[in-house]
Amino acid sequence: MGGVEDTEPPSKRIKLSSVDLESLSNNSSFLAHINPLGGQMARPLPFQGREDVIGSKGAIKKVEFVRVITNALYSLGYERSGAILEEESGIPLHSSVVNLFCKQVLDGNWDGSMVTLQKIGIDDEYILKSACFLIMEQKFFELLEKNKVLEALETLKNEITPLGIKKKRVHKLSSCVISPLQRLSLGFSNMGIETSNSRMRLLGELQKLLPASIMVPERRLEQLVEQALDAQRESCYLHNSAEGCLSLYTDHRCAKDQLPSQTTQILQEHDDEVWFLKFSNQGEYLASSSNDKSAIVWEVHENGEVTLKHKLTGHQKPVVMVAWSPDDSQLLTCGMEEVVRRWDIHSGKCLHVYQKTGLGLMSCGWFPDGKQVFFGVTNRTICFWDLDGKELYSWKGQPTSKISDLSITKDGRQFISLCSETTIVVLDRETKNEKLIEEEQTITSFSLSKDNNFLLANLINQEIHLWSIKDDPKLVARYKGLKRSRFIIRSCFGGLDQAFIASGSEDSQVYIWHRATGDLVRSLAGHSGTVNCVCWNPTNPHMLASASDDLTIRIWGLSKANLKHKETYCNGIIHHSNGNSK
């Protein structure tokens, strides 16, 4: 607390003597070094002639402002600067009574500190009693440490118990007399040379307890600045940048250039239309599947380059989707009404093939523990299997679409699937309660947000709907602009805190909307065929991938000033980055 080290208490300051301060004041070169402009430019102006407030709106009390700055200087370890500010401003960080109280606590003058505490001016009786409790508790433990058991018992009986608060704590204190282990559980064990540190911690606890007008909360200026930065970030309409981008020098505002809008790579390893892609949970890999009956695992390097890791073959039909295991070590690939294969990501080997005689599998997913998998089946059931291929149980439903999406929440409790062309069911696996998301138009696909509280539904009428599913389902936003007439188009959440929605489209564009407002903020051109699926890297808000009927995958990143036409290399083949955005 305070000083260079966090453990130093807020009031244990190195005070400069009056002689030191006078010598500093008389040192013109020192003052010139401090403020070469003579203090004219940086001096805060009073509000409408009032000297007690500053700022353009007169909302900042000068005394509080100076005390907070002084507190910050001491907290940063600038003891001399803090003392100079107190001297020059005439505004002490703490009153003389509070300074005396702090000194008495650090010196272990318990009787004196109790007397001084009464003079500080605390109106709230409970706060006053709580402060007394903390002080007497410290006294109690220090007496026990010195083996002064009778004196400790007297303190407990005559000074702590009469306060009439924290009775359970008092009971635990009494047990400390005969059980040193109990002292450890209460955070007071083997003080020894740690006595000074424990008193510093006590002073910190008292500081938190006492009114801020009496003792300025430690690091208060940092808290105020962080609150201001948080407010700027929350009000930033297009915020999609990392924490380190916020500066105290200027108000924060992200422009559109913080959204992925420039093609950084074109991946051309598929031999037919690319239907689906998904980044791994940690964003280190990208998996894609295609009408060419293959899936590809791509590696995402730290510099943003994406390279081929494994091409997974073995399906006899087009691969309609993929699903990452929770730890990203394995991948499921689902053939169209065929089988599901489980692959090892590091070796690229197929570990198991899941199939049902006479039936085909249409979709796949993982349980959160990574020990079970589930599949949508052509006979309108959902089957649950262990990793070794043993079918555990199945649910009968009425999914009417062969592209039915399936999802499960991170706690494994809620299962989400299509139950009719226009309805999504959210089923609680424990209570068997169902929540229905009912649309007027046919649902073609859906996706679940990272926090499991929202769901995106793509509709046949060229709209995307955002539903809140935390409680009773509620439609909260609509996104328009994409083109869809024949194909399955998939959308996704993405960006920092998933503040944006992205989607493919049959007009070869990638569209990005502001999630909260529904405003279309970007349209990305570059593909020459329908964009079937998009996916935002979950750990890199500046990376987006799109899969298209033009046989390619595009990796989108940030646009750069004066970006020149350049060539990017993928697996030894030169590809030109010619994508652009509107």
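Begin by selecting helix H11, residues 195-209 (helices, H or I of at least four residues, and strands, E of at least two, are DSSP runs numbered from the N terminus): at 1.5 Å a residue its 15 residues should span 21 Å, and its end C-alpha atoms are 21 Å apart, which agrees. The expected span used here is 1.5 Å times one less than the number of residues in the helix. The model on display is predicted, so local features are given only where pLDDT is at least 70 and side-chain atom pairs only at pLDDT 80 or more, while totals for chains, interfaces and linings use all residues. Residues are numbered from 1 along each chain as its sequence is written, and side-chain values rest on heavy atoms, with hydrogens and water left out.

**Helix H11 and what surrounds it**

Stay on H11 and show the side chains of its buried residues, which are Thr195, Ser198, Arg199, Met200, Leu202, Leu203, Gly204, Leu206 and Gln207; buried means under 20% relative accessible area, exposed over 50%, and partly exposed in between, for a 1.4 Å probe and protein chains only. An α-helix has 3.6 residues a turn, so residues three or four places apart point the same way. Now add helices H3 (62-75), H5 (96-107), H6 (110-119) and H7 (125-145), against which the buried residues of H11 pack.

Of these, select H7 next: its 21 residues reach 30 Å from the first C-alpha to the last, close to the 30 Å expected at 1.5 Å a residue, and the helix is mostly covered, with 17 of its 21 residues buried. At the start of H7, a side-chain oxygen of Asp124 comes to within 2.9 Å of the backbone nitrogen of Tyr126, and after the helix comes Asn147, whose phi is positive, near 65°.

**Strands S18, S19 and S20**

Move to strand S19, residues 423-428, where 6 of 6 residues are buried. Both of its faces are covered, with Thr423, Val425 and Leu427 on one side and Ile424, Val426 and Asp428 on the other. Adding strand S18 (residues 414-420) brings in an antiparallel partner that is joined to S19 by 6 bridges, given that two strands pair if DSSP finds at least two bridges between them. Within this pairing Ser420 has Thr423 of S19 as its bridge partner, and S18 and S19 form a hairpin with 2 residues between them.

Then select strand S20 (residues 434-438), which pairs with S19 in the antiparallel sense over 5 bridges; here Ile424 stands opposite Ile437 of S20. The hairpin of S19 and S20 has 5 residues between the strands, and in it Lys432 takes a positive phi near 70°.

**Aromatic rings**

The structure holds 17 aromatic pairs, where rings of Phe, Tyr and Trp (its six-membered ring) pair if their centres lie within 6.5 Å, and planes under 30 degrees apart count as stacked, over 60 as edge-to-face and the rest as tilted. Select Phe374 and Phe415: their ring centres are 4.9 Å apart and their planes stand at 75°, so the pair is edge-to-face. This pair links distant parts of the chain, since Phe374 lies in strand S14 (residues 372-377) and Phe415 in S18, 41 residues apart. Phe374 counts as buried at 2% relative accessibility, and Phe415 is buried with a relative accessible area of 2%.

Tyr393 and Trp395 come next, with ring centres 6.5 Å apart and planes at 45°, so the pair is tilted. Tyr393 is partly exposed at 28%, whereas Trp395, at 18%, counts as buried. To see the whole group, show Phe367, Phe374, Phe384, Tyr393, Trp395 and Phe415, which form one aromatic cluster.

**Asp327 in its loop**

Select Asp327, which sits in the loop between strand S9 (319-324) and strand S10 (330-335) and is exposed, with a relative accessible area of 56%. Its side chain makes polar contacts (a pair of N or O atoms within 3.5 Å; within protein, one must be able to donate a hydrogen and the other to accept it, and residues adjacent in sequence count only if both atoms are side-chain atoms) with the side chain of Ser325 at 2.8 Å and with that of Ser329 at 2.8 Å.

**The whole chain**

Finally, colour the chain by pLDDT, the predictor's confidence in each residue, from 0 to 100: the mean is 85, and 84% of residues reach 70 or more. Over residues 1-19 the pLDDT is below 50, and beyond near neighbours in sequence this stretch has 53 contacts in the model, a contact meaning heavy atoms within 4.5 Å.
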